[in-house]
Amino acid sequence: MGFTVAEKIIRNHLKTGQLERGREIGLKIDQTLTQDSTGTMAYLQFEAMGVDRVKTKKSVAYIDHNMLQAGPENADDHLYIQRVAKKHGIYFSKPGNGICHQVHLERFGVPGETLLGSDSHTPTCGGIGMLAIGAGGLDVAVAMAGGEYFITMPRIVKVELKGRLNPGVSAKDIILEVLRIYGVKGGINKIFEYCGDGIKSLTVPERGTITNMGAELGATTSIFPSEENTYRFLKAQGREKDFIELIPDKDAYYDEEIIIDLNKLEPLIACPHSPDNVVNVTSIEGTKVNQVAIGSCTNSSYMDLMKVAEILDGKTIAEDVSLVISPGSKQVLNMLAQNGVLGKLISSGARILECGCGPCIGMGQAPNTNGISLRTFNRNFKGRSGTVSANVYLASPEVAAVSALTGCITDPRKYVNKLSIDMPEIFIVNDNLIVEPAEVDNNIEIIRGPNIRPFPKNKPLGRRIREKVLIKVEDNITTDHIMPSNAKLLPYRSNIPYLADYCLTPCDSEFPKRAKEYNGGIIIGGHNYGQGSSREHAALAPLYLGIKAVMAKSFARIHKQNLINNGILPLVFQDESNYDDIDLLDELIIEDILNQIKKDMVIVKNKTKATEYKLLLDVKDRQRKILELGGLLNLMNFQNK
Ligand code: F3S
């Protein structure tokens, strides 16, 4: 039997295990990326490993999340990351060079290689035929130190695209359709592999839009083959030497299959407050909008913004709409500036922001109270925009641009009669905002601002856990709930003691106080606990507050691994009705914990209710060892002894 594209890359990078679904495999990682929000912690952890130079082929540190410098904190973090990068052999992408995923696709992505990034949208580079996976900062630090990255061998979903998109329908609608079918939990432990004649009309940046937002499925990653379109893109970036052809074998086996007929696809939109809350644009046409935001790592490519400019050309945005546009990279902005299209955007009344994440991570441009914001981004969780009462919709650049003109959600097909913009034969390449690492130089001084505090470390498991329930939360709690990341808090990403005071406060403002009062405890969660970003802070802040275990109905992949990496037990209710039985401040006991974690089932006694529950510890042997030792760093130190 033949292999899929993902299987071919996995086979070439397999260090531990076999290509058997559901089994743990260890992969060699060729490239890593970090961004500033997760990067400081990842590099502090990397430094703690005592490794001089990264062992990867290429590692890149980006500054894109928080570039506001209202105080010294961000500038201090940027300087710390820049120095660490220079010293340890890492490329540094300066603020203003663009969003990590957009720039990585343009300048670093290589078909057939593996990429591990401390950002959940790392799968963007699946658009260029990489096996690109989002992970916590500690996993990325381990990969930089030459360690394997362990995952459960995913099931592979064949997504066959047929036909061609109609004018006004775009790559964003393809991924919204997949989200409509699978939902935000439907991709857990799966790789979505795209194929079919429909992919021929999709450029690499369009493919990147699809693989980027595949993260919202909870998938391990998404990937496209590497073929002539990949070659064209690499050649236009002056990197044709990086091309290899990588296509699935004719007799490749897929675990699941879906077919999407692009000819029949309509413009889609994700309604508040979940990316899978997808409906046809026509069904909510006429809804007034206050803000339109175009950009993010999902839709900020040159072609995206060229389409927007074409729609806005010679027109003025609606009186009640604020339109903000963030180009994805300096390359994109530079090209728009040089071909004069930037002038069209500005003339329409658009506000041009820096090349960075900006409003996507709540860094400015928070909508008005109860406002309606239409965005080309990938997430619309409640409060992520910076305005808790805002309603955020997610759609394509075409829907966003046309709606900015009409002032209400509008089907773009009435206004767009051309197929998508052609990719240029050549992109403007100017990498002067990418700082190359130094040759080995032990004199490079690492500068740590006062805001950079040590990260919390866990201790090996004791004999038993006896703790209070400190909070009980609903289904689909995101890492944005667990560790909010907004304009006020983002400057403190390297200061866990400070951040911990905001941990889970969108769910319960008293939680941090309670955790400190009881000196730690247990979190009770619903389904898909920890969905969303790769943010390791969502495990580090609970660790700092003394959380020993999270008992939930189910977990999101990256967050579960982050909990394990920090020595926090992720336990799953075998009988979901037990969730209803547990109340705040119930006292829970796990006896003989060291023996119990050797098995798949853990007995948790509820002393308050005089009952007990069975919880699954669905982890691999290596993860049991990590939990026993109190975290991945302790395991690494243990192995190095
Ligand atoms: Fe940045 Fe938003 Fe993407 S925060 S990395 S643009 S999901």
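I count Ala, Val, Leu, Ile, Met, Phe, Trp, Tyr, Cys and Pro as nonpolar, Asp, Glu, Lys and Arg as charged, and the others, Gly among them, as polar. This is a predicted model, where local features need pLDDT of at least 70, side-chain atom pairs count only at pLDDT 80 or more, and totals for chains, interfaces and linings use all residues. Residues are numbered from 1 along each chain as its sequence is written.

**Entry: ligand shell**

I looked up the residues near the ligand (C-beta atom, placed from the backbone, within 6 Å of it). Three histidines are on the list: His 65, His 101 and His 121. The cysteines are Cys 100, Cys 297, Cys 357 and Cys 360. Ile 99, Asp 119, Ser 296, Ile 361 and Asn 378 also surround the ligand. By class, I find six nonpolar, five polar and one charged in this shell.

**Entry: helix 2 and helix 5**

I take helices (H or I, at least four residues) as DSSP runs, numbered from the N terminus. Two packed helices are described by the angle between their axes and the distance between the axes. My axes are lines fitted to C-alpha atoms, for helices over the stretch in contact, with angles from 0 to 180 degrees between N-to-C directions.

Helix 2 (residues 36–48) packs on helix 5 (residues 137–144) at about 45°, and the axes are 8 Å apart. The two are therefore oblique to each other (under 35 degrees is roughly parallel, over 145 roughly antiparallel, 65 to 115 roughly perpendicular, the rest oblique). The crossing of helix 2 past helix 5 is right-handed (near helix turned clockwise from the far one by less than a right angle; left-handed if anticlockwise).

Next I checked contacts (C-beta atoms, placed from the backbone, within 7 Å). Helix 2 brings Thr 38, Met 41, Ala 42, Gln 45 and Phe 46. Helix 5 answers with Gly 137, Leu 138, Val 140, Ala 141 and Met 144. I note seven nonpolar, three polar and no charged residues in this contact.

**Entry: helix 9 and helix 11**

The axes of helix 9 (residues 302–312) and helix 11 (residues 341–348) come within 9 Å and cross at roughly 50°. That makes helix 9 oblique to helix 11. Here the crossing is left-handed. Met 306, Val 308, Ala 309 and Leu 312 of helix 9 meet Val 341, Lys 344, Leu 345 and Ser 348 of helix 11. The classes are six nonpolar, one polar and one charged.

**Entry: domains**

I find domain 1 (268–414) and domain 2 (465–635) in the protein chain, with bounds from an automatic or database domain assignment. Their C-alpha centres lie 36 Å apart. Nine residues from domain 1 and eight residues from domain 2 make the contact. On the domain 1 side I log three nonpolar, four polar and two charged.

Methods. Contact = placed C-beta atoms within 7 Å.
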